[in-house]
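Reader: I am new to this structure and would like to understand the reasoning behind the words used for it. Could you take me through it step by step?

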Amino acid sequence: MPTFQSNKFRPSGDSSKVGMQYRALIRKRPFLSFGLPFLVVMVAGSFVLTPATAIRYERHDRKVRQMTKDEELGVRRSARKVDMREEYYRLAGRDLDDWEQKRVERLPGESDGILK
């Protein structure tokens, strides 16, 4: 007999506790005591969560819905006129009225990029 036993010592008084009884039942019939209840909980959970998921998708569909042609035309009429250049300069965030065009200095022997 080895010096240290691999099984933990459990007093006989613990055998009447629910946990010990359940552990013994799992050893005898693992599918009936663990697998079947697990599957039942998963299926029941899917039935319970299905309406909640449907409500979530309905809310999303209300936010993102397809516009009719009349609504689309109404949106376009009320939209402000946009000048793309003006928008570009506004989004650039700086005043571009006082810019000066400068020629970039080239290194000695580097081509200008101009074909002759």
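Author: Let me begin with one stretch of this predicted model: over residues 31–55 the chain is 100% helix and 0% strand, and the C-alpha atoms at its two ends lie 35 Å apart.

Reader: How do you know that residues 31–55 carry the name "transmembrane region"?

Author: That name comes from UniProt, where an unreviewed entry places the feature at these residues, and such annotations may be inferred rather than shown by experiment.

Reader: What makes the pattern of the protein α-α-α-α?

Author: The protein has four helices and zero strands, and reading along the sequence therefore gives α-α-α-α, with helices taken as DSSP runs of at least four residues.

Reader: Why is Lys 8 called exposed?

Author: Its relative accessible area is 66%, and exposed means over 50%, so Lys 8 meets the cut-off. Lys 8 is placed in the segment before helix H1 (18–28), and together with Arg 10, Arg 23 and Arg 27 it gathers in a patch of positive charge on the surface.

Reader: What makes these four residues a patch of positive charge?

Author: Lys and Arg count as positive, and like charges are joined into a patch within 9 Å, from residues with over 30% relative accessible area and no salt bridge.

Reader: Which residues make the nonpolar surface patch?

Author: The patch, of about 1100 Å², is made by Tyr 22, Leu 25, Phe 31, Leu 32, Phe 34, Leu 36, Phe 38, Leu 39, Val 40, Val 41 and Met 42. The elements giving two or more residues to it are H1 and helix H2 (30–63), and H2 supplies the largest share, nine residues.

Reader: How much of the protein counts as buried?

Author: Of its 116 residues, 3% count as buried, which means under 20% relative accessible area.

Technical notes:
Residues numbered from 1 in each chain as written. Predicted model: local features only at pLDDT ≥ 70, side-chain atom pairs only at ≥ 80, totals over all residues. Heavy atoms only, no water. Patch = residues over 30% accessible without salt bridge, like charges linked within 9 Å, V, L, I, M, F, W, Y side chains within 5 Å. Areas by Shrake-Rupley, 256 points an atom, 1.4 Å probe, with all protein chains shown as cover. Salt bridge = Lys/Arg side-chain N within 4 Å of Asp/Glu carboxyl O. Charge placed at Lys NZ, Arg CZ, Asp CG, Glu CD. Buried < 20%, exposed > 50% of the residue type's maximum accessible area, 1.4 Å probe, protein only.
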